[in-house]
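Welcome! Please take a moment to look over the sequence and the structure below, and then we will walk through them together.

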Amino acid sequence: MKNRKRNRMLNYDYSKDAIYFITVITGNRIHHSGRINDGVMQLNNFGNIVENQIFWLEKQYPYFELHNFVIMPNHIHLLFRIDHTKTQDESVKIKSVSSLMGALKTTTSKQIHLLENDAFKWHRSFHDHIVRSDLSYDRITHYITNNPRKSDDDKFYL
């Protein structure tokens, strides 16, 4: 597929210490995780699974430092840092952002399917942004925090 758009920055090491802003969308943008009521996201059982697995990432991978996140009905936004200094064991291989998102998608899908929602799936890939400045970090944090209240302005929310 030579005309396919590249998802990741060419020659960038996505296991490198940095702050990453990630958006993961459900397959066909179907609302699986709950609903927004008066600007507040109300998670259902599937949304609770996604939330639990986000916290699981932080427990499972000591170098994964969660800064902010929001679960929306049909997507999630994550802001996290990969920080290799958080692990003292040099034999620990730092997973790339793609591997971390793969772990999140796999574990959430498996648990949601066990609750008999076989229709649940994640979109094939994810959107990433490497945060390079304090101003960008502040804007992204504000965006994530206010996403449920401003869902009408969110291009991922339909």
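Does R29 count as buried, exposed or partly exposed? At 30% relative accessibility, R29 counts as partly exposed. Keep in mind as you read on that this is a predicted model.

## The overall plan

Let us start with the whole chain. The protein contains six strands and three helices. Read from the N terminus, its elements follow the order β-β-β-α-β-β-α-β-α.

Of the 158 residues of the protein, 46% count as buried. The accessible surface comes to about 9,400 Å², and carbon and sulfur atoms hold 48% of that surface. Among the contacts with a separation of 6 or more, 69% join residues 24 or more positions apart.

## The loop after β1

Now back to the part of the chain where we began. R29 has its place in the loop between β1 and β2, and N28 is found in that loop too. Phi of R29 is near 55°, a positive value in a residue other than glycine. For N28, phi is also positive, near 60°. Most residues other than glycine have a negative phi. N28 counts as exposed, at 61% relative accessibility.

T26 is found in the loop between β1 (18-25) and β2 (34-37) as well. Buried or exposed? T26 is buried, with a relative accessible area of 1%. Leaving aside its neighbours within four places in sequence, T26 is in contact with H32, N74, F120, K121, W122 and H123.

## Helix α2 and its partner α1

Helix α2 covers residues 97-114, which makes 18 residues. From its first C-alpha to its last, α2 reaches 26 Å, close to the 26 Å expected at 1.5 Å a residue. Its buried residues include V97, L100, M101, L104 and I112. The buried residues of α2 pack against two kinds of element: the helix α1 (45-60) and the strands β1, β4 (64-71) and β5 (75-82). After α2 comes E116, whose phi is positive, near 70°.

How do α1 and α2 sit against each other? Two packed helices are described by the angle between their axes and the distance between the axes. The axes of α1 and α2 come within 9 Å and cross at roughly 145°, and the crossing is right-handed. On the α1 side, the residues that meet α2 include F46, I49, V50 and L57. On the α2 side, those that meet α1 include L100, L104, T108 and I112.

## The nonpolar cores

In soluble globular proteins, nonpolar side chains tend to be buried together. The largest nonpolar core here has 32 residues, and Y20, L78, F80 and M101 touch the most other members. β1, α1, β4, β5 and α2 each supply at least two residues of this core. Which element gives the most? That is α2, with six residues.

F80 has contacts with many parts of the sequence, among them A18, Y20, F64, L66, V97 and M101, leaving aside its neighbours within four places. Apart from the largest core lies another core, of 10 residues, among them I19, L79, V131 and I144.

## A residue in α3

Our last stop is S136, which lies in helix α3 (residues 134-146). S136 has a relative accessible area of 18%, so it is buried, because buried means under 20%. Not counting residues up to four places away in sequence, S136 touches H129 and V131.

How values were computed:
Residues are numbered from 1 along each chain as its sequence is written. This is a predicted model: local features need pLDDT of at least 70, side-chain atom pairs count only at pLDDT 80 or more; totals for chains, interfaces and linings use all residues. Side-chain values use heavy atoms; hydrogens and water are left out. Helices (H or I, at least four residues) and strands (E, at least two) are DSSP runs, numbered from the N terminus. Buried means under 20% relative accessible area, exposed over 50%, partly exposed in between (1.4 Å probe, protein chains only). Contact means heavy atoms within 4.5 Å. The expected span of a helix is 1.5 Å times one less than its number of residues. A nonpolar core is a set of buried Ala, Val, Leu, Ile, Met, Phe, Trp, Tyr and Cys residues joined through side-chain atoms within 4.5 Å. Accessible areas come from the Shrake-Rupley method with a 1.4 Å probe; for residues, only the protein chains shown count as cover. Axes are lines fitted to C-alpha atoms, for helices over the stretch in contact, and angles run from 0 to 180 degrees between N-to-C directions. A crossing is left-handed if the near helix is turned anticlockwise from the far one by less than a right angle, and right-handed if clockwise.
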